[in-house]
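Q: I would like a close look at one part of this model, with the pairing of charged side chains as the subject. Please take it step by step and then place that part in its surroundings.

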Amino acid sequence: MNTASEKKRERFILWKIMDILEKILCTIPVVLMTAVVFAAVICRYVLKNPFGWSEEFTLICMIWCVFGAAPYAFYTGLNVGVTFLVDRFKGKGRNVVQIVIYLGTILFLGGLLYASIQTAQNVIGKYTMAAHIPQIIPYSAIPYGCAMSILRLIELMGDEIYKMKNSEI
């Protein structure tokens with residue numbers, strides 16, 4: 001017997017591509033950060049010849065880890081969420097409240113996206129002090145994270161609408 005809850009919804013190819021991109025942009029900075037910190041420790045304590053750019057490079061990798069993982073956290077539900085309002089509703093009311101929360105989050109992230117693009121445009125042509133990395137690289141992590149999070153929230157909103165239409169509770 002095939003009920004609505006047993007029927008799996010097919011995902012758009014965009015969401016599948018985003019899955020891969022998010023995993024890559026979460027993994028590569030962690031690997032690079034680990035390698036650079038390990039090399040910095042070896043150079044400082046074994047070779048007695050430290051390099052000064054490792055802290056700055058590690059910070060940039062951490063920024064990309066955080067903003068690269070944000071959309072994935074939204075999608076998987078691993079983000080910190082306060083669900084006391086959603087938990088007060090049952091059935092389709094719960095879906096409606098969740099959609100309103102997604103819309104509010106999208107509006108907030110849209111404002112942050114706009115502001116972060118303006119900020120990133122101000123650092124074009126400038127470089128970091130120690131590593132001489134273009135500042136647009138760390139500053140572009142915020143618009144990336146916001147845009148991808150907005151797309152993930154749109155996907156989650158679509159899932160809520162699908163549940164409402166198919167009476168999945």
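Are E155 and R152 buried or exposed?

A: In this predicted model, both E155 and R152 are buried. The two residues belong to helix α5, where they sit three residues apart, about one turn of the helix, and they form a salt bridge in which the closest N and O atoms are 2.7 Å apart.

R152 has further partners beyond its own helix. With D19 the side chain of R152 meets in a salt bridge at 2.4 Å, N to O; since D19 lies in helix α1 and R152 in helix α5, this pair ties together parts that are 133 residues apart in sequence. E22 also forms a salt bridge with R152, with 2.9 Å between the closest N and O atoms, and because E22 lies in helix α1 while R152 lies in helix α5, that pair ties together parts that are 130 residues apart in sequence. Taken as a group, D19, E22, R152 and E155 are linked in a network of salt bridges, and the structure as a whole holds four salt bridges. As background, side chains of opposite charge can pair when their charged atoms come close.

The accessibility values can be read against the cut-off for burial, which is under 20% relative accessible area. R152 counts as buried because its relative accessibility is 0%, and E22 is likewise buried, with a relative accessible area of 0%. D19, at 14% relative accessibility, also counts as buried.

Helix α5 also has a packing partner. Helix α5, which covers residues 141-165, packs with helix α2, residues 54-76, at an angle of about 5° and with the axes 8 Å apart, so α2 counts as roughly parallel to α5. On the α5 side the contact includes R152 and E155, along with residues such as M148, S149, L153 and L156, while the α2 side contributes, among others, I63, W64, F67, F74 and Y75. Two members of the salt-bridge network, R152 and E155, are therefore also among the residues through which α5 makes contact with α2.

Helix α1, where D19 and E22 lie, spans residues 13-46 and also holds I42. At 33% relative accessibility I42 counts as partly exposed, and this residue belongs to a nonpolar surface patch formed by V37, F38, V41, I42, Y45, V46 and L47, which together have about 700 Å² of accessible area.

Methods:
Residues numbered from 1 in each chain as written. Predicted model: local features only at pLDDT ≥ 70, side-chain atom pairs only at ≥ 80, totals over all residues. Heavy atoms only, no water. Patch = residues over 30% accessible without salt bridge, like charges linked within 9 Å, V, L, I, M, F, W, Y side chains within 5 Å. Areas by Shrake-Rupley, 256 points an atom, 1.4 Å probe, with all protein chains shown as cover. Helix = DSSP H or I, 4+ residues; strand = E, 2+ residues; numbered from the N terminus. Buried < 20%, exposed > 50% of the residue type's maximum accessible area, 1.4 Å probe, protein only. Axes fitted to C-alpha atoms, helices over the stretch in contact; angles between N-to-C directions. Parallel < 35°, antiparallel > 145°, perpendicular 65-115°, else oblique. Contact = heavy atoms within 4.5 Å.
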